[in-house]
Amino acid sequence: MTGTTKALITGGGIAGTVTAMALQKAGIDAEIFEAYPTGADDVGAFLVVFANGLEALRVIDAHGPVVDGSFPARRVEFIGDRGEPLGERPIAGTEQGDELGPRTLRRATLYQALHTEAIRRGISVRHGKRLVGAETVDTADGRKVVAAFADGSRAEGDLLIGADGLHSVTRTLIDPDAPGPRYTGQNTVCGYTRDARTLLSPDTYTMIFGKRAFFGCTVAPDGEVWWFANVPGTELDRTDPAAIAPAEWRRRVAGLFDDDDTPAAAIVRATGDRIIASNAYDIATTPTWHNDTMIILGDAAHAAAPNAAQGASMAIEDSIVLAKCLRDRPDPRSAFAAYEELRRERVEAVVAASAGMARLTATGAAGRRTAPENRTEGGSAGADNWLTGYRIEW
C-alpha cells in the first residue's frame with residue numbers, strides 16, 4: 001500500500017499509539033480518535049513490558065521513553081503460605097547483550113510515554129471521539145470507510161483499525177455476534193507503600209501462594225513497594241470503580257492473607273489510599289477479526305487474564321505486525337488476512353496460558369509445596385521463551 005493511504009485508529013491507548021507510529025514508519029498516514037477527553041484511564045495500576053514487547057518497540061525506535069520511565073526486575077522468587085521458599089529463577093527476557101529485559105511501570109506512565117512520542121512524531125490525536133458507527137462506501141477514489149462519533153462528527157479513511165480495548169465498538173461493527181469479554185471471577189488489586197517493614201530482595205518479584213489468594217510484589221529503585229493481589233470476588237461496577245474505598249480493599253485483601261505466615265498481609269496493611277482494583281477479563285477467541293475495511297487488534301481481538309502479564313506486549317506486537325502487513329500487501333483485505341495468519345495462533349495461546357495461570361492461583365497455594373514450573377505465574381514471573389523470545393523482522 002502507498003503513503004496516500006489513510007488509516008483511522010479508534011482508541012488512543014497502547015495499541016492505538018504504537019499502531020500509528022508503526023504505520024508512519026511504513027509510509028501510511030494515520031489519525032487517532034480517542035474516546036476519553038483527556039488521556040489515560042486506569043491510573044494507579046502497574047504492569048510489566050517483557051522483552052518481546054520492548055524489542056517490538058525497538059523496531060520503530062520507541063523503546064527509549066518506556067525504558068526511561070520504568071525499572072527492571074531480573075529474578076522471581078516463589079513463597080508458599082507458610083513462608084517456605086518454593087524456588088527462584090531469572091525472569092525470562094532478562095537483559096543479555098543488546099536485548100532488553102522486562103520493565104515495570106505504571107500503566108498511565110506507559111500510556112503517557114507512548115502518547116507523547118506519537119505527538120512528537122506529528123501524529124494527530126483527537127480526544128473526545130467515541131466511536132458509535134462505521135460504514136464502507138464506494139467513492140470516486142475507491143472504497144472508503146466512514147466513522148461516526150458520539151459528538152456527531154465523522155471521519156473518512158481507507159481503513160479503520162479498532163484499538164478500542166476490551167469493550168470494543170469496532171469488534172461489534174465487524175461482527176454483531178462477536179463474543180464479549182468474560183469475567184474470570186477475580187479482581188486484581190494493586191497498591192503502593194513506603195511503610196512496609198519487610199525486607200524484600202532487590203531486582204526481584206516475590207510471588208506468594210497464599211491459602212486463599214495470590215500475591216506479588218517488587219521494590220522500586222526509590223524503596224517503594226509495588227504490590228498486586230489476585231483475589232476472588234464479584235464483578236465490580238465498571239461505571240464506578242471507586243465505589244469500594246481503599247480502606248475496604250485494604251481490609252479485604254489483608255484478611256485473605258492473615259492465616260498465612262508471609263509478609264503479604266503486613267504489606268497490604270502498611271498501604272494508605274494508593275490502592276486500585278479492577279476486574280480480570282478474557283476473550284478466549286474472536287471468530288472474525290476483520291472485514292474489507294475494518295480490523296481489530298490488542299484487547300479488542302484477544303484479551304488475556306492479567307496473570308501472564310503479556311497484555312501490553314501482545315498489543316505492541318500486534319501493532320508492528322499489522323503495519324508491516326499493510327506496508328507489504330496491495331490492499332487492506334489481503335493485509336488483514338496476512339496479519340491474522342501471523343497472529344491468531346500466538347495470541348490465542350497466550351490467552352489460554354494466562355487462563356491456566358489464573359486457575360492455578362485462584363485459591364492460592366493450598367497444598368502446594370514445590371516450585372512452580374518455568375512459566376509466568378501471577379503478574380510477572382518467569383515466562384517461557386516462546387512468549388518473550390518472539391521477534392519481528394521489519
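In this predicted model, helix 1 keeps most of its residues out of sight: I14, A15, G16, T17, V18, T19, A20, M21, A22 and L23 are buried. That makes 10 of the 12 residues, so the helix is largely enclosed by the rest of the structure. The cover comes from several directions along the chain. Among the elements packed over the buried residues of helix 1 are strand 1 (6–10), strand 2 (29–33) and helix 2 (51–59). Helix 4 (107–120), strand 12 and helix 8 (311–328) also contribute. The length of helix 1 (residues 14–25) holds up to a quick check too: at 1.5 Å a residue, its 12 residues should span 16 Å, and its end C-alpha atoms sit 17 Å apart, which agrees. Just past the end of helix 1, G27 adopts a positive phi of about 85°.

Stepping back to the whole protein chain, the tally is 10 helices and 18 strands. Of its 394 residues, 56% are buried. Contacts that reach a long way along the sequence are well represented: counting pairs at least 6 residues apart, 73% join residues at least 24 apart. The accessible surface of the chain adds up to about 15,800 Å², and carbon and sulfur atoms account for 49% of that.

Seven of the strands come together as an open sheet with mixed pairing, and their order across the sheet is 6-5-14-15-16-13-17. Strand 6 (85–90) and strand 17 (275–282) are the edges, each pairing on one side only. Going from one strand to the next, the twist averages 20°. Inside the sheet, strand 14 (residues 204–209) and strand 15 (residues 214–219) run antiparallel and are joined by four bridges. M207 has G216 in strand 15 as its bridge partner. Helix 6 (residues 246–257) lies across part of this sheet, namely strand 13 (182–193), strand 15, strand 16 (225–232) and strand 17. Relative to strand 16, helix 6 runs at about 75°.

Two loop residues make a handy contrast. S168 sits in the loop between strand 12 (159–162) and helix 5 (169–174). With a relative accessible area of 3%, S168 falls under the 20% cut-off and therefore counts as buried. Its side chain has polar company: there is a polar contact with the side chain of D164 at 2.6 Å, and the side chain of S168 also reaches the backbone nitrogen of R171 at 2.9 Å. Once neighbours within four places in sequence are set aside, S168 is in contact with I296 and A300.

A284, on the other hand, belongs to the loop between strand 17 and strand 18 (294–296). Its relative accessibility is 55%, and because the cut-off for exposed is over 50%, A284 counts as exposed. Being exposed does not leave A284 without partners, as this residue touches E348 and V351, not counting residues up to four places away in sequence. The C-alpha atoms of A284 and A301 are 9.4 Å apart, with their positions 17 residues apart along the chain.

Conventions
Residues are numbered from 1 along each chain as its sequence is written. This is a predicted model: local features need pLDDT of at least 70, side-chain atom pairs count only at pLDDT 80 or more; totals for chains, interfaces and linings use all residues. Side-chain values use heavy atoms; hydrogens and water are left out. Two strands pair if DSSP finds at least two bridges between them. Axes are lines fitted to C-alpha atoms, for helices over the stretch in contact, and angles run from 0 to 180 degrees between N-to-C directions. Contact means heavy atoms within 4.5 Å. Buried means under 20% relative accessible area, exposed over 50%, partly exposed in between (1.4 Å probe, protein chains only). A polar contact is a pair of N or O atoms within 3.5 Å; within protein, one must be able to donate a hydrogen and the other to accept it, and residues adjacent in sequence count only if both atoms are side-chain atoms. The expected span of a helix is 1.5 Å times one less than its number of residues. Accessible areas come from the Shrake-Rupley method with a 1.4 Å probe; for residues, only the protein chains shown count as cover.
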